[in-house]
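Open the model in your viewer and keep the selection tool ready. The tour goes stop by stop.

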Amino acid sequence: MPLRSRSRRAPGGVAHRAAIVLLWPVGLARVSWRYMWRTTPVHRTETAADASERPWAVPEDLVDDDLQRVEDGAGPLLHRRYAVWIAGAPTPPEQVMGRFSGDPNCGAPAEVAVFEKVHGTDGEMCVGDEFLIRIPGPWDGPVRVVGMGPASFRLATLRGHLEAGQIEFRCRADGGELLFEIESWARSGDRLSDLLYTRLRLAKEIQLNLWVETCLRLARDIGGTPRGGVRVETRRAGA
């Protein structure tokens, strides 16, 4: 069945959505407080990308008019990676990502992001499933699952998202520890988003806090300890 003809569930009722929105000021205050007093170091770098670095391709059977591709966006193309080494975790990478993909809310901080499935079966993730990520402000983020591996999954943005591009979540074992990574290729979804993200940096800091907190929450959730803090690498591929 063509993607554009799929039926989508309404992502919660009006009362449910209103409750989420009303909690955002409190949630943002809590996240900001944790950010100011966070003891886990966050190492940030921003450099120019190499000309050979290119975004992932979306499988043709998942491309339709709803898809918001990198070339549909505005502003610079950013290649970003968040990474945390996790020590002492007894859970193998496949189980870590199986739990996370089955319920993304177990990793993402509810104060700033709530995943609501609008297409697909609850409790599992399959290629073609769609979510609405509710985040502070007028920036609800519709996404589609466009790739999955034994210990990874990738999302692509849909029309109306703050960004245009893709983001991948993955985990692997290395030397008795786990490495959890979030990698994205994206531009701002439109000129207003570019203003909020690139110029005013408001959306950029909210996004950074979201994915740093996801790295730390996931480490705690699987019984591990972040080692060496969270590394955030931004590579600017062009304007």
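Buried means under 20% relative accessible area, exposed over 50%, and partly exposed in between, with a 1.4 Å probe and protein chains only. This is a predicted model: local features need pLDDT of at least 70, side-chain atom pairs count only at pLDDT 80 or more, and totals for chains, interfaces and linings use all residues. Residues are numbered from 1 along each chain as its sequence is written, and side-chain values use heavy atoms, leaving out hydrogens and water.

Select Glu 130. Its relative accessible area is 2%, so Glu 130 is buried. Glu 130 sits in strand E4, residues 130-134 (strands are DSSP runs of at least two residues, helices, H or I, of at least four, numbered from the N terminus). Add Arg 144. A 2.8 Å polar contact links its side chain to that of Glu 130 (N or O atoms within 3.5 Å, one able to donate a hydrogen and the other to accept it; residues adjacent in sequence count only if both atoms are side-chain atoms).

Next, the largest nonpolar core. A nonpolar core is a set of buried Ala, Val, Leu, Ile, Met, Phe, Trp, Tyr and Cys residues joined through side-chain atoms within 4.5 Å. This one has 38 residues, and Ile 86, Met 97, Phe 169 and Phe 180 have the most contacts inside it. Helix H4, residues 202-221, gives the largest share, eight residues. A second, separate core has six residues, including Val 58 and Leu 158.

Go back to Ile 86. Which residues does Ile 86 contact, leaving aside neighbours within four places in sequence? Among them are Glu 177, Phe 180, Leu 218 and Thr 225 (contact means heavy atoms within 4.5 Å).
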